[in-house]
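Reader: I would like to learn how to read a few features of a protein model. Could you take me through them, general idea before particular case?

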Amino acid sequence: MDIKFISAELGLDAALENRELALSCSEDMNGFEIKSESKKTSIRYGKTAYLCRALSYLKKYGEADFCIAEQCRFNSNGIMIDCSRNAVNSVEAVKRLIRMMALMGLDTLMLYTEDTYEIEGHKYFGYLRGKYTADELKELDEYAYSFGVELVPCIQTLAHLASALKWDKYGKIRDTEDILLVDEPETYDFIEDMLKSCRKVFRTEKIHIGMDEAHMLGRGRYYDLYGDSDKFTLMSRHLGKVVKLCEKYNFKPMMWSDMYFRLANDGDYYGPNAVSAEIAATVPDGVDQVYWDYYKDSQSSYERMIVNHKNMPGKLIFAGGAWKWEGYIPALSTSFKRTRASLEACKTHGIKDVFTTAWGDDGADAGLYTVLPVFQLQAELGFKDSISEEELSDRLNTCTGADLKAFMLLETDDDIRSAHKYLLFQDPMLGMFDLNIPEGAGVKYEKAYKEIEKIAPCQNDYKYLFDTVGSLCSVLAIKAELGVKIKAAYDNRELETLKKISSEILPELITRLNTFRDNLETQWLYENKPFGFEIQDIRIGGLLRRLETARERITAFVNGSVKSLPELEGERLPYGNSNSGEVIFMNKWISTISAGKYQG
């Protein structure tokens, strides 16, 4: 442990200047005690991460006298970041996060990398995806270790491998488009190469081997080759082989627990049935189970699932969620409520290892740092039974420099946050979501835009996040209800209204959308490698072209060049099985843009 390096990296040189510092590490101490008096500071601590948390109080109180002792409620507490949904966080962005985690006292950082890490001899694995090189991972591992943060590889050894398996090179080990072919010898050579590469760059003994959501296991080429097979048997046989490979490379594996529960509950992970003792006995020894759950508001719901894991072998680990996967806007209040409920359940039932996940479903739209307040809450509840909003705000500012009150404005109102992605990308002439628009959406987005625009200049290092969400709200202030207005004007043959839409409103919308796109690029390049942003360009570029098409089509109708606009004459229906007026959850771009076929 190099205190000079730590203090310099954490910006504590001024706080430690002319101060006598006495440090004592006691490995049996699951926490820390810091006493500061008359420019003399003593710190007893159990882990380097706890030392860094203690130093955060010195950062806050400066030369004042104080004494603080905290005990950690967990053996490990950390974050998993998603580096697989097009956004691969840059090395510098991960280092920034590590520094903030250290001040928070979080001791585990998990990198979720489906195909975004280098495997020696596999050039197509992570090809053109911005994968981490072996040297980059070594650099991050060393940097994290300096602050007492354990960097843990999180890979996939069964499903979620579509980005790799799409290449013909892997045709022989492909069962379905995203699932490996169980029992194929080359599959296990491939997995061994994964583990061998991880062993070379990570010092930890821990590894997350995935194994989740393999819904079509044995239903593709495996079925063609071997016929129908019991999923429990396939799953356990494959897992046993992977666990043995982990042991070969001195890894202690953990896995998502859902597949066994889905098989016991007709596909429902959170169904009422526990995994039977008979089935649990087929699960190989030597693997820990990760219960993941981001969806429940009540403590009792988490407790029921924890109890239902009692038959499963290995240690039980809990993974909650920092909701940044609804689209471009984070769901902070939802994350807070569920983090509090789930961690209290873990404490009640003696779960000692926890982390929160920051998934980036469907393109990693939201910035990683939008959920810093959730990371801070995760940390604080690791050392405290409860924390007030005022205390959380103070700690967040100390550890990250972020303003909690300002960050809460980023999530906007629940209804317009939930609807924002489908309202952004739905076609203005087709109106696929016109009956699922929140009441007064345009006014609400305008209000959010004005509020965010007002505070953005004061957000220092995080101004770019506010620029992105603010400019998005400015787009939706016009676009959210535009399709409804276009159709109403067309149905009533209000030519002057249509003329204004084509000549004034649509050009303004296009200008605002270009501003949002530019702000999003700034956000992306500050947090991520450039790879993956081409998807955002394609999506937003397609929307820009459709807005131009709408302007051209409406202008042609107003000028009499065309007699009708058939796309505006069809009946509008609620999306899917929803009801008219219902705000739905839809974060998949491909499902928002058209009812047409995309391929094939």
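Author: We will go through a sheet, a buried strand, the cavities and some single residues. This is a predicted model, in which local features need pLDDT of at least 70 and side-chain atom pairs count only at pLDDT 80 or more, while totals for chains, interfaces and linings use all residues. Residues are numbered from 1 along each chain as its sequence is written, and side-chain values use heavy atoms, with hydrogens and water left out.

Reader: Happy to start with the sheet. In what order do the 4 strands of the open sheet come?

Author: Strands of a sheet pair through backbone hydrogen bonds, either parallel or antiparallel. Here the order is β1-β3-β2-β4, and the pairing is mixed. Helices (H or I, at least four residues) and strands (E, at least two) are DSSP runs numbered from the N terminus, and two strands pair if DSSP finds at least two bridges between them. β1 (20-25) and β4 (66-71) each have a single partner strand, so these edge strands have one side without a neighbour in the sheet. From one strand to the next, the twist averages 5 degrees.

Reader: How many bridges link β2 and β4?

Author: Strand β2 (residues 31-37) pairs with β4 over 6 bridges, in the antiparallel sense. To find your place, look for I34, which stands opposite I68 in β4. Then look for helix α3 (residues 48-61), which lies across β1, β2, β3 (40-45) and β4. Helix α3 runs at about 30 degrees to β2; axes are lines fitted to C-alpha atoms, for helices over the stretch in contact (heavy atoms within 4.5 Å), and angles run from 0 to 180 degrees between N-to-C directions.

Reader: Now burial. Is strand β6 largely enclosed or open?

Author: Burial is read from relative accessible area: buried means under 20%, exposed over 50%, and partly exposed in between (1.4 Å probe, protein chains only). In β6 (residues 108-112), 5 of the 5 residues are buried, so the strand is largely enclosed by the rest of the structure. T108, M110 and Y112 cover one side, and L109 and L111 the other. Strand β5 (residues 76-82) runs parallel to β6, joined to it by 5 bridges, and I79 has L109 as its bridge partner.

Reader: How many cavities of 30 Å³ or more are there?

Author: Rolling a probe the size of a water molecule over the atoms shows where empty space is left. A cavity is a set of points, on a 1 Å grid over the protein atoms alone, where a 1.4 Å probe fits but cannot get out; lining residues have an atom within 4 Å of a point. Grid points are joined across faces, edges and corners, and a volume is the space filled by probe spheres set on the points. The search finds 3 cavities. The largest holds about 90 Å³ of space, and of its 13 lining residues, D82, A87, N89, K324 and L368 are the closest to its centre. The second largest has a volume of about 40 Å³, with L111 and F202 among its lining residues.

Reader: And which residues have a positive phi without being a glycine?

Author: Most residues other than glycine have a negative phi, and most peptide bonds are trans. Among those with a positive phi are L128, at about 60 degrees, and E213, at about 50 degrees. L128 sits in the loop between β6 and α5 (134-146) and counts as exposed at 55% relative accessibility. E213 is in the loop between β10 (206-208) and α8 (221-226), and counts as partly exposed at 26%.

Key:
1 Å grid on protein atoms, 1.4 Å probe; cavity = no way out; pocket = protein on both sides within 12 Å on 5 of 7 lines; lining within 4 Å.
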